[in-house]
Every structure is written in structure tokens, then in C-alpha cells.
Amino acid sequence: MDPFFLLVIGIIVLVFLFMAIINRYRRCPSDKVLVIYGNRAGSRSAKCVHGGGAFVWPIIEDYAYLSLTPIGIDANLTNALSRQNIRVDVPCRFTVGISTEPESMLAAAERLLGLTPQQIQELARDILFGQLRLVIATMSIEELNSDRDKFLEAITANVEVELKKIGLRLINVNVTDIKDESGYIEALGQEAAAKAINEAKVRVAEQERNGEIGKAEAVRETRIRTAEANAEAVKGENEAKIAIANSDAVRREREAEAQRKAVAAEKVASAQALEEAYAAEQKAENARADKERASQQANVIVAQEIEKRRLVIAAEAEAEQKRVNAKGEADAIYAKMEAEAKGLFQVLTKQAEGYDKMIQAAGGDATKAYTLLLLEKLPDLVKTQVEAIKGINIDKVTVWDNGGGSGDGKTSTASFLAGLMKSVPPLAELFDQAGMALPEYLAKKKEETPQQSGETE
């Protein structure tokens, strides 16, 4: 067989087993008890679970549920014999349910599992009838009729023990009217009613007596209070008359005092009126003087104040005019200087361009360029030399020459004239002072020969 096919079959079997195991887990609702029975080890015949869940093994175990819903049972007991051997009818209604205590749940699983609610109700009713007869047999008619709490406690104590044996517990018991066939309970009721009526009559008589007593005491109290009130009234009248007399005396005294104060007040008021009139006249005169003074001050001071404001306004206008003129002059000077600067800038720019072209014409030699420029200015320099002594006016020259000569054989007059000519700086010296050199064709001197020297001498 193909191994893959076997593998698929094995997986399918495992899935079915897993699903079967999951399906065997049972959860118990809160209103039921889960009972698991079957192969149980130990002394317990079943396992009871409430409020949880458990796993139920397949084949060897099974499960069932017990309902926790309360069951109402009507136990209308008749002809029950009391401790006084009087037969009574005791209609009761019991409410029972399966207990959730571990032992009670196990007892319910052993004795009630598989029974219908009606069967459980009949079983519980038999137990309740029996225990109810036992409780009534231990109590008298008076206790059954008057002490219901004791009766209910006895029922609860006896019934719960028996119900616990089959896994039930008593939830509530309600006992209605108890009756007997001899009319004893009714007689007790009539006795109690008569007793209550008699007690009520006694209380009524006591209340009527108390009422008469109270009425008499009220009349006495009224008369006493009336006499006291009359005495208090007379006393009050007397005190009122005294108070009236005192009040009249005080009134007359105060009227006299008021009359005196009124006369004095009139005189004081008259004097104050005269004083206030004099003061008012004085204030009027002062006011008039103040008015005259203010009028004179207004005529003088107001005119001066107006003149002062006029002068201030004129001075401010003049100052503003000067500021405007000064600003205009400053703007004109600035514009003029700016124009001169622009012109000078243009002149210098053109000169620089001319010098640059001159240097380019001299083959890039700056020395030759400014030499050419100097040659251009040579006539002006010569003219300047000539002009240096041109303006000398020699009106009269007196020479005292003794005919003597200097060491070089020249006379004093000749030396004077030679020195005068030498006072004009030669061109070579001017060029040396300017840091330049004359061209060779201008700076070359003729060599002096001995013959020329002799002739000069």
C-alpha cells in the first residue's frame, strides 16, 4: 500500500479521535449538577460537578444532569394530633431544591438521578407529611396558634435532616391558618377577642375618668389663672396710671425745656443770620475787588501774553526759515562739491588713460614716457627760468671796482654778473632735483681747450 495513503488515513483517524475526545468534555450550567457515573474507583458511586466542567471517558463513563430549580410542594395536613390530643388541620407550602453541598449532591445523584420533578415532589411530600405530624405532636394548640416562630423553627430543624438524606434542602416554609375540628382554636380566638374588648373597655373608662379629672383640673386652672390675670390687670392699671402721671410730668418738663431752647435758638439764629449777612456782604465786596483786579490783569497780562506768543511764533518761523536756507545752501555746496569731484575724477581718469597710452607708445618704458612728457614741458621750464630774473628792476648799479681781480683773473664787476646769472638754476640741476636726467644731446658740454681758456681770460 502506498505510504502516503497510509499517512492520510492515520491523520484522518487522529482527527476523528481528537474530535471525539473534545466532544466528551462536558460543561455544567449554573442551574444544574453534572453527574458522571460508570467506572468510578473508590467508595463514591458518581462524581458531581457544579459550576465547572469535566471530561467523560467514552464507553466506560456516562453523564446526566440534576436540575437545581426549586420545587414547590403543597402539604395540606389534616387531622394531625397535637400534644393535647386535639386534631388540627395545618395547611403548609414548602419550597425545596437539590443542595449543592458535596455530600448532598452525591446523595441526590444516588437517590434522585433519573426521577422526574413530579416523582421528586411526591417523594419529598411524604417526608414532609411525616415530619410535620411529629412536630405538631410535640406542641400544644396555644403554641401552634400564637408562637409561629417556634413552630417554623421546629419544622425546619426536623425536615432538613430528613431531606438532606436524599440530597434536598428546605428553602422556604409557609404556614397558613390552623384549624381544629372541636373549635378550640376558635374559642381561643373568641376568648382573646373578649379579653381584648374588656381591656379596651377598661382603657376607655380610664380615659373617660382621666378626661373628667382633666376637665375639673382645667376648670380650676382656668379660675386660678383668671384671678391671677385680674390681679395682674389691676396691678397693670395702677402701674399704667403711675406711668401716665410720670409721663405727663416728664412731658411738661420737656415742653418747658423745649420752649426755653426754642427762644434761645431763635435769638441765636437771629444773631447768626446777622453775622452771615455781614459775612456775605464782605464776601461780595471781596469778590467785586477780585473781579476788578482780574479785569485789570486781563487787560494788561492778556495783551502781553498775546505779544509774547506772537514773538515766539515769529522767532520760530525765522528759525525755521534759517534752517530751510541753511539746508538749501548745504545741499547746494554738496551738489557743487560733488560735481567738482566728478569733474576732477573725469580729468584724472582721462590723464591716466593718456599716460597709459603714452607709456604704450614708448614701448612700455615709463622713463622714456615721462622724459617725452618733460620735453613737452621744456619751453615752460625755460620760460620760468627767464621769468625768474625778468622782473628785477635795477634802477641804478654803482660799482666800486678798484680794478683788482679774483684768483681766476676776473674783475669784481664780471664776477658779480656771472654770479647773478648763476643764481638761476640750470636745467641739469632742475632735472637732478626732480630725479630725472636730461637727454645726452642736451646735457653734453663742449670740452674746453687751453686756447679757449686763454681767450676767456
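This is a short tour of a predicted model, from the whole chain to one helix and then to three paired strands.

**Whole protein.** Start with everything shown. The protein has 457 residues, of which 17% are buried. Colour by secondary structure to see 12 helices and 9 strands. With the surface on, about 34,200 Å² is exposed, and carbon and sulfur atoms supply 57% of that area. Among contacts between residues at least 6 apart in sequence, 65% join residues at least 24 apart.

**Helix H1.** Next select residues 3-23, which form helix H1 and include Ile 22. Is Ile 22 buried or exposed? Ile 22 falls in between: it is partly exposed, because its relative accessible area is 41%, and buried would need under 20%, exposed over 50%. Now add Phe 4, Leu 7, Val 8, Ile 11, Ile 12, Val 15, Phe 16, Phe 18 and Met 19; together with Ile 22 they make a nonpolar surface patch of about 990 Å².

**Strands E6 and E7.** Move to residues 71-81 (E6) and 87-98 (E7), an antiparallel pair joined by 9 bridges. Select Asn 76 and look across to Pro 91 in E7, which stands opposite. Then go to the turn of this hairpin, where 5 residues lie between the strands. Asn 85 has a positive phi there, near 65 degrees.

**Strand E8.** Finally, select residues 168-175, strand E8, which runs antiparallel to E7 and is joined to it by 7 bridges. Which residue in E8 is the bridge partner of Gly 97? Select Arg 169 to see that partner. While the strands are on screen, show their side chains: in a regular strand these alternate between the two faces of the sheet.

Conventions
Residues numbered from 1 in each chain as written. Predicted model: local features only at pLDDT ≥ 70, side-chain atom pairs only at ≥ 80, totals over all residues. Heavy atoms only, no water. Patch = residues over 30% accessible without salt bridge, like charges linked within 9 Å, V, L, I, M, F, W, Y side chains within 5 Å. Areas by Shrake-Rupley, 256 points an atom, 1.4 Å probe, with all protein chains shown as cover. Salt bridge = Lys/Arg side-chain N within 4 Å of Asp/Glu carboxyl O. Helix = DSSP H or I, 4+ residues; strand = E, 2+ residues; numbered from the N terminus. Buried < 20%, exposed > 50% of the residue type's maximum accessible area, 1.4 Å probe, protein only. Contact = heavy atoms within 4.5 Å. Pairing = 2+ DSSP bridges.
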